[in-house]
Amino acid sequence: MISFKLDERMDEIRDRTGKRPTFKDISEATGVSVSVLSNMRVKPGYNTSTNNIDALCRYFQCQPGDLLAWKPDLPKKSNEGGDR
């Protein structure tokens, strides 16, 4: 599953500038809506466009791999009662 590392990128800006950007700040600078940014943060496997990823990479001055993380999917639980 792909997840987004927005908090890490936002923390890097805070470390450099002393101010952590808000989703509103990022949205105004990139055109990516606050709701999309929020979904990227909280919804595992959230699907967004490459245009949004491009805008965020431009804003954070990073590569896509600095913005995205891949984690193996959790194993699915088996049907304990079996199929009947």
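One aromatic pair is present in the structure, which is a predicted model. The pair is formed by Tyr 59 and Phe 60 in an edge-to-face arrangement, with 4.9 Å from centre to centre and 85° between the planes. With respect to solvent, Phe 60 is buried, at 5% relative accessibility, whereas Tyr 59 is partly exposed, with a relative accessible area of 25%.

Phe 60 also belongs to the largest nonpolar core, which comprises 17 residues. Within this core, the residues that touch the most other members are Leu 6, Ile 26, Leu 37, Met 40, Leu 56, Phe 60 and Leu 67. Two or more residues are contributed by each of helix H1 (6–17), helix H2 (23–30), helix H3 (34–42) and helix H4 (50–60). Of these elements, H4 provides the most, with five residues. In soluble globular proteins, nonpolar side chains tend to be buried together.

The surroundings of Met 40 were examined next. Beyond its neighbours within four places in sequence, Met 40 is in contact with Leu 6 and Leu 56, both of which are listed with Met 40 among the core residues touching the most other members. Its further contacts under this criterion are Phe 4, Tyr 46 and Thr 48.

Ser 3 lies in strand E1, which spans residues 2–4. Because its relative accessible area of 18% falls under 20%, Ser 3 is classed as buried. When neighbours within four places in sequence are set aside, Ser 3 is in contact with Leu 67, Leu 68, Ala 69 and Lys 71. One of these partners, Leu 67, is also among the core residues that touch the most other members.

How values were computed:
Residues are numbered from 1 along each chain as its sequence is written. This is a predicted model: local features need pLDDT of at least 70, side-chain atom pairs count only at pLDDT 80 or more; totals for chains, interfaces and linings use all residues. Side-chain values use heavy atoms; hydrogens and water are left out. Helices (H or I, at least four residues) and strands (E, at least two) are DSSP runs, numbered from the N terminus. Buried means under 20% relative accessible area, exposed over 50%, partly exposed in between (1.4 Å probe, protein chains only). Contact means heavy atoms within 4.5 Å. Rings of Phe, Tyr and Trp (its six-membered ring) pair if their centres lie within 6.5 Å; planes under 30 degrees apart count as stacked, over 60 as edge-to-face and the rest as tilted. A nonpolar core is a set of buried Ala, Val, Leu, Ile, Met, Phe, Trp, Tyr and Cys residues joined through side-chain atoms within 4.5 Å.
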